[in-house]
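Please read the following account alongside the sequence and the coordinates. It proceeds from one helix to its neighbours and then to a strand pair and two loop residues.

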Amino acid sequence: MSLSGAQKRKLEALKKEKEAENQSSLSRWIKKQKPSPCEPVQRHRRSSGPTDISFSSLDPPSQPKLVQYPAQVTANGKLKRSFNASYYGKHPWLEYSVQDDSVYCFYCRHFGGTSTLPGQRYGSRPFIDVGVRRWKDISNFLEKQTRSDRHKDSVVSWTKFKAIQTKELQSIASVLMTDRDNEIKENREHVKALLKVTALLGRLGTAFREHDETESSTNKGNFVEMCNLLAEYSPTLFNELQRRYGHYTSHECQNDLIS
């Protein structure tokens with residue numbers, strides 16, 4: 001349904017009103033904080049970062065587009081510098097915090113772990129623990145961040161995470177569950193074979209055991225000997241019989257199978 005001219009003008013007015021409100025709130029916050037204009041933000045904050053950027057890896061990078069970003073005045077009082085939304089296009093991992101007036105790396109914050117680069121300390125890592133707002137050299141800082149090994153590793157981890165979400169790549173848990181399901185299936189086939197041997201010997205009225213069923217015995221009893229014969233034609237059953245546990249051929253297990 002298309003909007004009328006009056007409705008479009010009303011929506012545009014509401015949008016401008018909201019942007020003006022955001023700018024006013026930002027200005028009041030900056031005047032209160034008064035951060036250094038040329039250094040990374042070095043303020044104590046929660047480990048999850050400012051409240052206006054992504055809280056978890058499930059959130060998209062926070063990339064607000066303001067009409068005007070807060071400007072910084074250089075020491076000579078002439079040149080003003082500020083963040084530019086065009087950086088989002090070249091660096092999709094970039095997050096901008098209105099609270100800090102600084103930028104963060106989405107990938108490294110959520111997938112970088114506790115790793116540190118030379119000269120850095122955990123808890124004060126730029127783009128992760130603290131925001132960066134050196135607008136004069138921001139392009140160089142962003143390029144350096146992109147080339148760092150930690151950032152590259154974080155990108156790989158993020159890519160795998162997204163692939164798992166879209167089922168393009170099996171998660172470790174899925175692989176383990178599949179292996180476990182296969183193991184259960186093999187165990188059931190193993191027990192089924194033992195039950196068939198038990199049923200056959202019972203129907204024929206044949207003795208199950210001998211006095212000596214050890215590996216060195218030349219006659220381990222009808223039950224064990226028949227299981228070993230079947231194992232020659234069934235790799236799965238053979239593997240089960242070779243295990244120390246789980247072969248179900250002891251006297252107690254034979255009695256259970258008969259019952």
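Which exposed residues does the face of α4 turned away from its buried side carry? In this predicted model, that face carries Asn 140, Lys 144 and Arg 147. The opposite character is found at Ile 138, Leu 142 and Gln 145, which are buried in α4. These three lie on the same side of the helix because they cover an arc of only 60° around its axis. As for what they meet there, the buried residues of α4 pack against α2 (87-90), β3, β4, α3 and α5 (149-165).

The contact with α5 may be followed further. Two packed helices are described by the angle between their axes and the distance between the axes. For α4 and α5, the angle is about 60° and the axes are 5 Å apart. On the α4 side, the residues in this contact are Gln 145, Thr 146 and Arg 147, and they meet Asp 149, His 151 and Lys 152 of α5. By residue class, the contact comprises three polar and three charged residues, with no nonpolar residue. Two of the α4 residues named here have already appeared: Gln 145 belongs to the buried set, whereas Arg 147 is exposed on the face turned away from the buried side.

Attention now turns to the strands against which α4 packs. Strands β3 (94-97) and β4 (102-105) pair in the antiparallel sense, with four bridges between them. One of the residues in this pairing is Glu 95, whose bridge partner in β4 is Tyr 104. Is Glu 95 buried or exposed? Glu 95 is buried, as is Ser 97 on that side of β3, and Leu 94 and Tyr 96 are buried on the other side, so that both faces of the strand are covered, given that buried denotes under 20% relative accessible area.

The hairpin formed by β3 and β4 has four residues between the strands. Within this loop lies Asp 101, which has a positive phi of about 50° although it is not a glycine. With a relative accessible area of 2%, Asp 101 is also buried.

A second residue of this kind is found in another loop. Phe 127, located between α3 (106-111) and α4 (138-147), likewise is not a glycine and has a positive phi, here of about 75°. Its relative accessibility is 4%, and Phe 127 therefore counts as buried.

How values were computed:
Residues numbered from 1 in each chain as written. Predicted model: local features only at pLDDT ≥ 70, side-chain atom pairs only at ≥ 80, totals over all residues. Heavy atoms only, no water. Buried < 20%, exposed > 50% of the residue type's maximum accessible area, 1.4 Å probe, protein only. Arc of directions from axis to C-beta. Contact = heavy atoms within 4.5 Å. Pairing = 2+ DSSP bridges. Axes fitted to C-alpha atoms, helices over the stretch in contact; angles between N-to-C directions. Nonpolar A, V, L, I, M, F, W, Y, C, P; charged D, E, K, R; others polar.
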